[in-house]
Amino acid sequence: MRGADLINLALPDELLDDVLRRVGAGGACKRDLDACALVCRRWRRLERASRRSAKLAASGERADEVLRLVAERFRALVDVSVDERLTVGSGGAGAGTSASASRSRRPVHSTCPSRRRRRMPLVANFTVQISPFPLDQPVGDDGTERSCLTDVGLTHLARGCKGLEKLSLIWCSAISSTGLVRIAENCKNLTSLDLQACYIGDPGLIAIGEGCKLLSNLNLRFVEGTTDDGLIGLVKNCGQSLVSLAVATCVWMTDASLHAVGSHCPNLEILSLESDRIQNEGVISIAKGCRQLKNLKLQCIGAGDEALDAIGLFCSLLESLSLNNFERFTDRSLSSIAKARSCKKLARLKINGCQNMETAALEHIGRWCPGLLELSLIYCPRIQNSAFLEIGRGCSLLRSLYLVDCSRISDDAMCHIAQGCKNLKELSIRRGYEIGDKALISVAENCKLLRELTLQFCERVSDVGLTAVGESCSLQKLNLCGCQLITDSGLTAIARGCPDLVFLDISVLRIIGDMALAEIGEGCPKLKEIALSHCPEVTDVGLGHLIKGCLQLESCQMVYCSQITSAGVATVISSCSKMKKLLVEEWKVSQRTRRRAGPVLSFLCTGL
Amino acid sequence: MAAEKGEKGAAAKEVAGERMVTLESSDGEEFHMSEAAAQLSTLLRHVIEGGGIDNGIPLPKVAARTLEKVIMYCEKHAKAAAKSDSDPSAAAGSSSDNTAAASEDLEKWDRKLVNGLSQDALFDLIVAADYLVIDGLLDATCRKVADMMKGKTPDEIRKIFNILNDFTKEEEEEMRREYAWAFDD
């Protein structure tokens with residue numbers, strides 16, 4: 001005989017709500033909350049009232065309908081994200097089947113009649129499939145035009161969830177100003193708005209400025225259809241609250257917008273600007289007006305030294321600076337950043353593609369930025385070794401160093417760094433053709449805290465240097481892709497010296513063979529990811545030894561390994577229970593393996 | 001645990017150097033609790049500060065067996081707080097292992113407390129913790145109930161709590177379809 005329903009009797013709504021909220025806390029909560037919603041009407045009502053965030057793939061004919069239902073059912077939503085890049089499963093969903101990985105993952109091209117076709121970026125790692133609602137969505141042929149979320153759906157959302165705080169509409173190409181106006185009218189608590197790759201108009205932006213006075217984060221990357229007037233109108237009204245702004249490839253934006261931002265956004269802390277039209281004047285206005293700037297990313301071909309002089313002069317709180325493709329940028333401007341008061345706080349500096357930067361700038365950074373934690377230099381071919389002498393002397397707190405395509409940097413530079421920056425935790429050098437064993441030995445002697453080491457295509461590095469590192473530093477991540485002098489002996493030293501190794505990339509190492517894999521299998525039980533593509537000497541035997549010891553393996557890449565056969569692949573699949581991703585040639589996978597492993601397998605695309 | 005009747009002003013009496021507070025449950029039983037423990041309840045704290053405790057504090061919403069558990073919880077946590085306050089090494093922060101172990105032990109104790117309760121005792125405790133505004137106890141008890149629901153199907157949940165399914169078959173079907181399309185972070 002059924003007992004009494006005590007819980008519904010004893011607990012009033014607020015307390016049952018407290019309990020349901022704790023069901024939802026922590027991971028894997030969706031299924032649990034769904035189950036609670038299905039228990040009885042009262043629980044359904046409470047559960048719906050307590051959901052705070054939702055993420056939707058709004059492609060498909062019923063996109064607006066979906067949003068209407070969401071807004072109606074879950075009135076307490078605070079965080080909504082609509083992303084048309086999310087793949088949509090074909091056919092319907094069964095009850096409670098969440099991330100059913102048996103469906104294929106193909107990126108969706110969503111087209112809308114009145115917009116031009118946009119090329120979707122390939123988005124990796126989306127593991128959740130969402131079925132369109134309701135169940136009877138027909139599986140269309142590839143040629144059918146699919147509609148997407150429109151202003152109608154957005155209006156439903158605005159009117160239903162007035163407490164909305166975060167709204168993300170990514171690649172929603174059918175949204176226009178009308179939808180945004182509705183949001184502005186209804187959602188006064190909006191703090192974060194992300195409109196990446198949407199096509200909206202000025203009235204929409206202006207309305208947001210007028211209606212959402214709490215707006216602190218605005219993302220307009222790849223937005224089209226607006227002009228300067230839209231952004232200017234927005235910041236004039238809600239610029240005071242704006243803390244973070246991101247703009248990229250917005251060909252409509254000129255210095256006028258930046259002038260307005262400088263004038264109306266005194267509290268701006270984070271700014272990301274990628275634009276070909278911006279000139280010095282624009283950046284200078286920002287510098288003068290946004291003195292609270294902490295985090296600045298600039299990719300502006302049109303700006304140069306004067307712009308950075310201003311940043312150096314006015315932005316004394318700067319912690320993180322990223323400069324990309326600054327051809328007109330020479331040593332002078334980075335020097336002004338360095339010499340100005342702003343440098344005391346500078347912790348992260350990234351310089352990408354500044355071909356005219358030589359040595360003086362880095363010397364100044366070394367002298368005036370004692371707090372530097374991360375330094376990234378990408379494609380700065382004119383920087384020479386002497387620059388690093390000052391960095392080594394001055395930046396003793398340095399934790400991370402990334403050097404990519406800085407072809408003149410050689411062992412001496414690395415010795416300067418190693419001797420001065422003993423706290424170095426991450427070192428990454430790609431295509432450092434002049435870097436050799438002397439550098440590695442110095443690092444091994446000095447940087448005992450080193451945990452991540454990348455030496456991609458550093459062709460002079462040999463077993464001698466690698467052994468020194470293996471004996472001194474307990475690495476967690478190691479990437480030796482393309483360092484073709486490395487043999488089994490060097491890897492053995494690593495295997496024996498780095499028991500905490502979690503990530504290993506030994507691709508394009510032509511000489512290494514099964515012995516290295518056997519040593520790694522024995523010495524690195526925590527290994528989760530390994531890449532050994534283009535290793536012609538590795539066979540199934542070595543692979544077998546590897547997986548016998550590395551039971552935590554989740555990801556493995558082994559294409560172009562001519563001696564690995566389908567037997568080896570099958571062994572990997574059957575032995576590695578935690579495997580999530582295996583990249584291999586399609587013809588090496590037997591039918592049986594395909595059945596067993598399905599979603600884990602990725603195949604090399606040779607037909608591109 | 002009944003105090004002598006007619007002791008005016010004796011509610012805030014001292015016992016072994018600690019000030020005590022008298023509480024009266026809904027079924028007329030009297031309980032004593034140290035003032036330090038009573039401070040864990042925001043409601044009691046306000047009453048004490050307001051000075052209205054001469055004749056004991058009546059709690060018409062809390063039954064004796066529930067009040068007993070409440071007092072156990074508060075005394076235990078008050079003692080633990082006093083211990084960590086007076087421990088010099090904890091203040092210096094050097095023995096963070098000790099403080100971590102101590103809070104782990106406290107959590108274990110909390111779990112033991114709620115694990116031993118029947119459903120109606122547990123719900124009564126939730127209501128009492130809410131009424132007396134004792135956040136830690138409310139959290140521990142609610143989490144216990146939440147844990148009973150996690151990883152279960154709706155049918156299993158209904159069985160555990162004896163809840164009647166008042167949905168129609170069609171409603172259930174529709175809901176199961178709908179819930180496939182939206183997901184939370």
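**Stop 1: helix α20 of chain A**

Select residues 514-523 of chain A, which form helix α20 in this predicted model. The helix is mostly covered, with seven of its ten residues buried. To see which ones, colour A:Asp514, A:Ala516, A:Leu517, A:Glu519, A:Ile520, A:Gly521 and A:Gly523, the buried residues of α20(A).

What covers these buried residues? Display α19 (488-497), β16 (503-505) and α21 (540-549) of chain A, which are included in the cover.

**Stop 2: from α20 to α19**

Keep α20 on screen and show the side chains of A:Glu519 and A:Arg496. They meet in a salt bridge, at 2.9 Å from N to O. A:Glu519 belongs to helix α20 of chain A and A:Arg496 to helix α19 of chain A, so the pair ties together parts that are 23 residues apart in sequence.

Is each partner buried or exposed? A:Glu519 has a relative accessible area of 15% and is therefore buried, the cut-off for that class being under 20%. A:Arg496, in contrast, has a relative accessible area of 64% and is exposed. The bridge between A:Glu519 and A:Arg496 thus joins a buried residue to an exposed one.

**Stop 3: helix α2 of chain A**

Move next to residues 13-24 of chain A, helix α2. Show A:Asp18 and A:Arg21, whose side chains meet in a salt bridge at 2.5 Å, N to O. Because these two residues are three apart in the helix, about one helical turn separates them. A:Asp18 is buried, at 13% relative accessible area, whereas A:Arg21 counts as partly exposed, at 44%.

While in this part of the sequence, select A:Asp13 together with A:Arg42 and A:Arg45. These three residues are linked in a network of salt bridges.

**Stop 4: A:Arg594 and A:Glu586**

Select A:Arg594 and A:Glu586. Their side chains also form a salt bridge, with an N to O distance of 3.6 Å. Which accessibility class does each residue fall in? A:Arg594 is partly exposed, with a relative accessible area of 30%, and A:Glu586 is partly exposed as well, at 41%.

In general, side chains of opposite charge can pair when their charged atoms come close. A search of the whole structure, over all chains, finds 32 salt bridges.

**Stop 5: chain A as a whole**

Zoom out and show chain A as a cartoon. The chain contains 23 helices and 20 strands. Of its 608 residues, 56% are buried. Among the contacts in chain A between residues at least 6 apart in sequence, 78% join residues at least 24 apart. Switching to a surface display, chain A exposes about 24,700 Å², of which carbon and sulfur atoms supply 50%.

**Stop 6: chain B as a whole**

Now show chain B. It has nine helices and four strands, and along the sequence they follow the pattern β-β-β-α-α-β-α-α-α-α-α-α-α. Buried residues account for 39% of the 185 residues in this chain. Among contacts in chain B between residues at least 6 apart in sequence, 60% join residues at least 24 apart. The accessible surface of chain B comes to about 10,000 Å², and 51% of that belongs to carbon and sulfur atoms.

**Stop 7: where chain B meets chain A**

Display both chains and select the residues in contact between them. How many residues does each chain bring to the contact? Chain B gives 42 and chain A gives 49. Between them the two chains bury about 4,300 Å², with 65% of that area on carbon and sulfur atoms.

Two salt bridges are found across this interface. To view a salt bridge between the chains, show B:Asp139 and A:Arg22, whose side chains meet at 2.8 Å, N to O. The interface also counts seven residue pairs in polar contact, taking pairs with both residues at pLDDT 80 or more.

On the side of chain B that touches chain A, select α6 (119-131), α7 (135-149), α8 (154-161) and α9 (169-178); each supplies at least two residues of that side. Finally, colour the same side of chain B by residue class: 20 residues are nonpolar, six are polar and 16 are charged.

Methods
Residues are numbered from 1 along each chain as its sequence is written. Chains are lettered from A and ligands numbered from 1 in the order in which they are written. This is a predicted model: local features need pLDDT of at least 70, side-chain atom pairs count only at pLDDT 80 or more; totals for chains, interfaces and linings use all residues. Side-chain values use heavy atoms; hydrogens and water are left out. Buried means under 20% relative accessible area, exposed over 50%, partly exposed in between (1.4 Å probe, protein chains only). Contact means heavy atoms within 4.5 Å. Accessible areas come from the Shrake-Rupley method with a 1.4 Å probe; for residues, only the protein chains shown count as cover. A salt bridge is a side-chain nitrogen of Lys or Arg within 4 Å of a carboxyl oxygen of Asp or Glu. Buried area is the accessible area (1.4 Å probe) that two parts lose on being put together, summed over both. A polar contact is a pair of N or O atoms within 3.5 Å; within protein, one must be able to donate a hydrogen and the other to accept it, and residues adjacent in sequence count only if both atoms are side-chain atoms. Ala, Val, Leu, Ile, Met, Phe, Trp, Tyr, Cys and Pro count as nonpolar, Asp, Glu, Lys and Arg as charged, and the others, Gly among them, as polar.
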